[in-house]
Amino acid sequence: MAYDYEYFKKAVYDLTKIDLNAYKEKQMKRRIDTLISKNKIVGYDKYIAAIKSDNKMFEEFVNYLTINVSEFYRNPDQWELLDKDIFPDLIKRYGRNLKIWSAACSTGDEPYSLVMALSRHLPLNQIKIYATDLDKQVIAKAKAGLYAEKSIAGVPEDLKKKFFTKIGPSYQISDEVKARVEFHEHNLLKDTYPTDYHLIVCRNVLIYFTEEAKDEVFRKFQKSLIRGGYLFIGSTEQIINHKDVGFERKNSFFYQKP
């Protein structure tokens, strides 16, 4: 069985360029086994054959593999810190043309939250967020900008009223917010990183990576930031060896490039 899974990881990489070796094996293997079982397929080789021949099953696989759990203003106290401390500091030091990257942005909740939060400090037409994700299906959902009530529960009431319209049971984010976000496909483990960013936001994604993969990603983020730029991570994460990868710890969730 171990050999089968080794073969499967190589086949997945050849097909998708997703390197399963970078993920914690026990967790990822359990997720994949559940999906294979759900499709009533026996064996990794037969599942690979199936996703090669069935485009719908292939899309389902990639979507399932790239763990997409997201919501607006997740962990509100951290967003308050961003609003009260980080944004004012960045604007004071670097002016109004801030370069911000929302990495592994999932269904768009995070980059749209960044636009709304920054709109308290800057006019909308001066805001631009670069947002990336591995999964083109979630990028399509992000571009549609339609969310369940539960997803937007954390949005401050004034921003909710200003930027969302209720459509049936769902909420549509305004075109003026959508226009401030540029979405692209990007693989954190394989693709070249953009540079000269003032703020990078990557939250609750790297918990699924091995320690080696995490280190590599943090080092690349550090290189992507300008001096004095910040990395904003999730409440389930911590950079224990932040000095080794080139960061100063500002608090539990914000790390600065010295």
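## Fold and packing of a predicted single-chain model

The protein chain contains 10 helices and 10 strands, where helices (H or I, at least four residues) and strands (E, at least two) are DSSP runs numbered from the N terminus. With a radius of gyration of 19 Å, close to the 18 Å that the globule rule gives for 258 residues, the chain is as compact as a globular protein of that length; the radius is taken over C-alpha atoms, and the rule is 2.2 Å times the number of residues to the power 0.38. This is a predicted model, in which local features need pLDDT of at least 70 and side-chain atom pairs count only at pLDDT 80 or more, while totals for chains, interfaces and linings use all residues. Residues are numbered from 1 along each chain as its sequence is written, and side-chain values use heavy atoms, with hydrogens and water left out.

### Overall dimensions

The C-alpha trace spans about 55 × 50 × 25 Å along its principal axes. The accessible surface of the chain comes to about 12,800 Å², and 50% of it belongs to carbon and sulfur atoms; such areas come from the Shrake-Rupley method with a 1.4 Å probe, and for residues only the protein chains shown count as cover. Of the 258 residues, 51% are buried, buried meaning under 20% relative accessible area, exposed over 50%, and partly exposed in between (1.4 Å probe, protein chains only). Among contacts with a separation of 6 or more, 73% are between residues 24 or more positions apart, a contact being heavy atoms within 4.5 Å.

### The seven-stranded sheet

An open sheet of seven strands follows the order 6-2-1-7-8-10-9, with mixed pairing; two strands pair if DSSP finds at least two bridges between them. Strand 6 (181-185) and strand 9 (248-249) stand at the edges with a single partner strand each, so one side of each is left without a neighbour in the sheet. Helix 10 packs on this sheet, touching strand 1 (100-102), strand 7 and strand 8, and its direction makes about 135° with that of strand 8. Axes here are lines fitted to C-alpha atoms, for helices over the stretch in contact, and angles run from 0 to 180 degrees between N-to-C directions.

Strand 1 and strand 2 run parallel and are joined by three bridges; Ile100 stands opposite Ile129 in strand 2. Four of the five residues of strand 2 (residues 129-133) are buried, so this strand is largely enclosed by the rest of the structure. Strand 9 pairs with strand 10 (residues 254-256) in the antiparallel sense over two bridges, and Arg249 has Tyr255 in strand 10 as its bridge partner.

### The three-stranded sheet

A further open sheet, of three strands, has the order 3-5-4 and antiparallel pairing. Its edge strands are strand 3 (146-148) and strand 4 (164-167), each pairing on one side only. Neighbouring strands of this sheet are turned by 35° against each other on average, direction ignored. Strand 3 pairs with strand 5 (residues 170-173) over three bridges, and Ala148 stands opposite Ser170 in strand 5. Strand 4 and strand 5 pair over four bridges and form a hairpin with two residues between them, in whose turn Gly168 has a positive phi of about 60°. The bridge partner of Ile167 in strand 5 is Ser170.

### Nonpolar cores

A nonpolar core is a set of buried Ala, Val, Leu, Ile, Met, Phe, Trp, Tyr and Cys residues joined through side-chain atoms within 4.5 Å. The largest core has 45 residues, of which Phe8, Leu20, Ile32, Tyr47, Phe61, Phe221 and Leu231 touch the most other members. Elements that each supply at least two residues of this core include helix 1 (2-16), helix 2 (25-38), strand 7 (197-201) and strand 8 (225-232); the largest share, five residues, comes from helix 3. Apart from neighbours within four places in sequence, Leu231 is in contact with residues including Ile200, Phe218, Phe221 and Phe247. A second, separate core of 41 residues includes Tyr73, Tyr112, Ile152 and Leu159.

### Residues with a positive phi outside glycine

Two loop residues are set out below.

| Residue | Phi | Place | Relative accessible area |
|---|---|---|---|
| Lys40 | near 55° | loop between helix 2 and helix 3 | 76%, exposed |
| Tyr73 | about 50° | loop between helix 4 and helix 5 (76-94) | 7%, buried |
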